[in-house]
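Have your viewer ready, and let's walk through this model one selection at a time.

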Amino acid sequence: MGKENSSLILSTSPHIKSRESVRNIMISVIITLLPAVVFSIYQFGIHVLIMYLVSIATCLVSEWVAVRLRKRPFSLYDGSAIITGMLLVMVLPPKFPIYGVILGAVVSIVIGKQIFGGLGYNIFNPALIGRAFLAATYPVFISSWATPRLVFDGITAATPLAGMKFDGIMTPYSAMFFGRIGGSIGETSAVLLIIGAIYLIIKKYIKWRIPLSIFVTVAVLGEIFHLINPSKYPDPLFHLLAGGLMIGALYMATDMVTSPITNRGCIFFGVGIGCLVVVIRLLGGLPEGVMYAILFMNAFVPLINRGTKPRIFGTGEAHEH
Amino acid sequence: MNLFTFKGGVHPPYRKEHAKDSQIEIAAVPDQLVVPLVQHIGAPCAPAVEAGGTVKEGQVIGQSDAFVSAPIHAPVSGKVKRIERALHPLGQKVLSVFIEPDGADEKEYLKPLGDTIDQLSSDDMKKRVMEAGIVGLGGATFPSHVKFSPPKDKPIEVLIINGCECEPYLTADYRLMLEKPGDIILGAQMIGKILGAKEIVVAVEDNKPDAFKKFKESDAGKGIRYVLTHTKYPQGGEKMLIKAVLKREVPSGGLPMDVGVVVSNVGTALAVCEAVRDGKPLIDRVLTITGNGIKKPGNYIAKIGTPVSSIIEQSGGTVGTIGKLIVGGPMMGIAQSSYDVPVIKGTSGILLLQDEKYMKEGHLPCIKCSFCVQVCPTQLLPSRLSILAEAEKWELMEQFGVDDCIECGSCSYVCPSKRPIVQLIKTAKLKVRDIKARENK
Ligand code: SF4
Ligand code: SF4
């Protein structure tokens, strides 16, 4: 009586698990990024393809080495390093030197992620850490833009934001929406990014409150500035379509690991990013502020999480009636 | 959109089709029954019989003087072989009475009180519930007479009869509702009278419309309200059910009676009916045997003390390599180390799952996807709790409401990193309790 059967597994409930896995999530993100990646290669040519390949390979190798040194299992197969490699290239200008890409990729993985303890522990978006590092190291390269293959007539190689800020030129929206503009590799076609993101939102792989609150904040603030001085400040739609806002709001701010876990927290986070973006663009010295806005807000995520703890069932006012 | 629902929760595949259409059969009486003397929350029973003696079906074999306890009765007539410690489905070894049935079917039941509720006094019925050893049969196994004795300052307005059976795979309550709706209604009215409740509500998940219909047909103007709740796990959790049906929130750390409610499972209502009307103590129960690891899934009425292995045998034996033997449902049940554990009062199901890779897989760090936060029915931050538990920050976990966790498992179910959140939370609860006990010294 009572003999134990060693083949029975004794783990704690629940005994069934959903099909979701980190790997599936990462693969979905990769797939939804692909259309924008392919379009950018078409737009800017073979050099960009090489940049992607080098960046992804460097990220994977850095991750493998770092994980090996830290004697941790898993991680390499989850696919997150591939995403970092893709996103890094998407926020770089098309003529960026290959050795710079390698450097950026190493920094993204090692400083942006592994130093914190690897996937799940990093505070800042790894690709943005790499981008920020490159912006500081190669200021000249980072602001040299190329002319895409499909281009809107009369627009020079400068990005719409630089055109707005330094020359007072406004780029037509349709060009920005469909990607017939200059800019970073991946930020040139809003429509492809939006399609991919919608799929991720439906799968719940993107916390939708983040992009939504970024867009609303940027639109509202943009409108306010525009009303104050329409000749100096562009209207809200320009803000939404220009620069890295789409890729930033949809794919970088929504990086699971570096965004809040509470619903209200996501809204705070998004509003914060939105405010910073408009302020940096219009009042700061830089044409592009999305990257810094996200990195800045990343730092506040632990605080935001703590401040937006949901009301626990059966506590507070709601149960007293 | 069904309005009777709550916030959070998950939709696991229900897998009820395995056993849903099998009528309740009587489980064979095994050669030996092992009846543990702890089958409820509260004081354990002391043996009331001696090894070597004989017992009649329904005779008391274990009892306690404590109020929060429930007597235990002999499930069959036979001989007491020995009284010693044996493996219990909760994992420890506890004192148990080993009975060898003699097949004589000699009964020693309580005196039937009849079913004319108008003529039955509330106190008599409550006493009967106690004498019959009835406990919550939904799995909680809290002694029912205690639950039915709220303090004077907490009058009970509503009795909710829980027919949700939200655990996947399990169909025992469903079969009961189809096969014995009249008895359940009668039991519900008895409990309602014991409590002095103004209203009785029977709640069924909307994936069981036929059970709902059966109830309505059998009711015949008894003034009971029937509601179809949204099918979502853990809809059958007391707090979630009260929220769904009455929009009331049981306060943190409190009990349903704090909001004027008592929730009883349909199986408990049936046991009350049988104890009052027929004088039958709680010596058997209906359970589901199911999963992809059993040849013929089904529903059985089994004597308490029947080894799980005996019911497996009657169901045609196992199929494939069994990875897990679970007593209870897949979301909250307990994995067993042996096929010899007995059926106890709280055993709602026996689940056999074939070995699959995921059962042995390791977990990854939290990727802050927030899936767990979205599904937690008590609005905790399971991600945060699991990380704090790994860092052994027990006190901080208390601030994050670890004690409010109902251990429903929704968070672990959805976690893409496959983190053992419930396990970490269970450990933390014990640690928090230890720390508090030390402080109070
Ligand atoms: S934290 Fe507790 S109550 Fe919340 S989902 Fe997890 S097990 Fe359920
Ligand atoms: S579901 Fe798992 S990985 Fe996602 S936030 Fe919760 S604990 Fe972390």
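**A ring pair in chain B**

Select F215(B) and Y226(B) to begin: both residues are buried (under 20% relative accessible area, with exposed over 50% and partly exposed in between, for a 1.4 Å probe and protein chains only). Their ring centres are 5.8 Å apart and the planes meet at 25 degrees, so this pair is stacked. Rings of Phe, Tyr and Trp (its six-membered ring) pair if their centres lie within 6.5 Å; planes under 30 degrees apart are stacked, over 60 edge-to-face, and the rest tilted. F215(B) sits in helix α5 (residues 209-219) and Y226(B) in strand β11 (residues 225-229), so the pair ties together parts 11 residues apart in sequence. Helices (H or I, at least four residues) and strands (E, at least two) are DSSP runs, numbered from the N terminus.

A word on the model: it is predicted, with local features needing pLDDT of at least 70 and side-chain atom pairs pLDDT 80 or more, while totals for chains, interfaces and linings use all residues. Residues are numbered from 1 along each chain as its sequence is written, chains are lettered from A and ligands numbered from 1 in the order written, and side-chain values use heavy atoms, leaving out hydrogens and water.

**Over to chain A**

Next, select F96(A), Y99(A) and Y138(A), which form one aromatic cluster. Within it, Y99(A) and Y138(A) are an edge-to-face pair, 5.9 Å centre to centre with 70 degrees between the planes. Y99(A) is partly exposed at 49% relative accessible area, whereas Y138(A) is buried at 16%.

**Zoom out**

Now show chain B whole: it has 13 helices and 17 strands, and 60% of its 441 residues are buried.
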